[in-house]
Amino acid sequence: MARTRANLTRSSNDTDGTSFTTASISPTTSSLVLLCIVAHKAVSPEAPSSITGTNWANGLTWTLVDSVDSANVDDGGFAKHLMYSAVAPSSVTGGTITVTFSSTHEKFVWHVENIVNTPTDEVLQSKAVAGIG
C-alpha cells in the first residue's frame, strides 16, 4: 500500500500572543499525525511550553521530530520551524490542538497532516524521531 497524506488543517495568526488553537480535526484512527509550526519573534523564538487538545487530542503524546531556526529576511526577526509527530488513537472524535509558548510571539503558522497506510505508524514515527530511513 502506498502512503497517503491529507491536510487536516492549516492557518496562521499574526496577532501577538502566547498560544494558538487549530480548527477541529479528525485524523484516521491509529494513523501518524504531523504538527508543523513556524513561530516568529524579534529575537530568540522558542519551542512550545505545551501542546494540549480537546477530546481525543488530550491523550496524544507529541514527539519533536525536528527544529530549525532561521532569520526572517522579509520583515526582520527570527523564526523557529518545528515538526512534531503523534499517533492517533483507535477511537477519534473531532478535537482541537492548542499550542502554548511561555513568551509572546508575533506570528504563528501551522498545519496538521495525516499520514495513512504506513506499514506500522508507530514504527514510522520512531524511525523519523531516530533519523532512520
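Here are a few exercises on this predicted model, each with a worked solution.

A word on the ground rules: residues are numbered from 1 along each chain as its sequence is written. Local features need pLDDT of at least 70 and side-chain atom pairs count only at pLDDT 80 or more, while totals for chains, interfaces and linings use all residues, and side-chain values use heavy atoms, with hydrogens and water left out.

**Exercise 1: the overall layout**

Find how many helices and strands the chain has, and the pattern they follow along the sequence.

Step 1. Go through the DSSP runs, numbered from the N terminus (helices are H or I with at least four residues, strands are E with at least two). You should end up with 1 helix and 8 strands.

Step 2. Now read them off along the sequence: the pattern is β-β-β-β-β-β-β-β-α.

Step 3. Turn to burial, where buried means under 20% relative accessible area, exposed means over 50% and partly exposed is in between, using a 1.4 Å probe and protein chains only. Of the 133 residues in the chain, 38% are buried.

Step 4. Take contacts next, meaning heavy atoms within 4.5 Å. Among the chain's contacts with a separation of 6 or more, 85% are between residues 24 or more positions apart.

**Exercise 2: a sheet of three strands**

Work out the strand order of the open sheet that contains S7, and say which strands stand at its edges.

Step 1. Two strands pair if DSSP finds at least two bridges between them. S2 and S7 (residues 97–105) pair in the antiparallel sense over 4 bridges.

Step 2. S4 and S7 are also antiparallel, again over 4 bridges.

Step 3. Put these together and the order is S2-S7-S4. S2 (17–21) and S4 (50–53) each have a single partner strand, so they stand at the edges and one side of each has no neighbour in the sheet. From one strand to the next, the twist averages 20 degrees (angles run from 0 to 180 degrees between N-to-C directions, with axes fitted to C-alpha atoms).

Step 4. Look at the faces of S4: Ile 51 and Gly 53 are on the covered one, Ser 50 and Thr 52 on the uncovered one. In general, side chains in a regular strand alternate between the two faces of the sheet.

**Exercise 3: Thr 98 and its partners**

Which residues in S2 and S4 sit across from Thr 98?

Step 1. Start by placing Thr 98: it's in strand S7.

Step 2. On one side, Thr 21 has Thr 98 as its bridge partner. On the other, Thr 52 stands opposite Thr 98.

Step 3. Check the side chains of Thr 98 and Thr 21, and you'll find a polar contact at 2.9 Å. That term covers a pair of N or O atoms within 3.5 Å; within protein, one must be able to donate a hydrogen and the other to accept it, and residues adjacent in sequence count only if both atoms are side-chain atoms.

Step 4. Leave aside neighbours within four places in sequence, and Thr 98 has contacts including Ser 19, Phe 20, Ser 50 and Ile 51.

**Exercise 4: hunting for salt bridges**

How many salt bridges are there in the whole structure, and which residues share partners in a network?

Step 1. Search for a side-chain nitrogen of Lys or Arg within 4 Å of a carboxyl oxygen of Asp or Glu. The whole structure gives you 3 salt bridges.

Step 2. Take Arg 5 and Glu 113, whose closest N and O atoms are 2.6 Å apart. Arg 5 is in strand S1 (residues 4–13) and Glu 113 in strand S8 (residues 107–116), so the pair ties together parts 108 residues apart in sequence.

Step 3. Compare their burial: Arg 5 is exposed at 55% relative accessible area, whereas Glu 113 is buried at 5%.

Step 4. Glu 113 also forms a salt bridge with Arg 10, at 3.4 Å between the closest N and O atoms. This pair links S8 and S1 across 103 residues.

Step 5. Asp 69 and Lys 80 meet in a salt bridge at 2.8 Å, N to O. Asp 69 is in strand S5 (residues 63–71) and Lys 80 in strand S6 (residues 78–87), 11 residues apart. Lys 80 counts as buried, at 11% relative accessibility.

Step 6. Follow the shared partners, and Arg 5, Arg 10 and Glu 113 join into one network.
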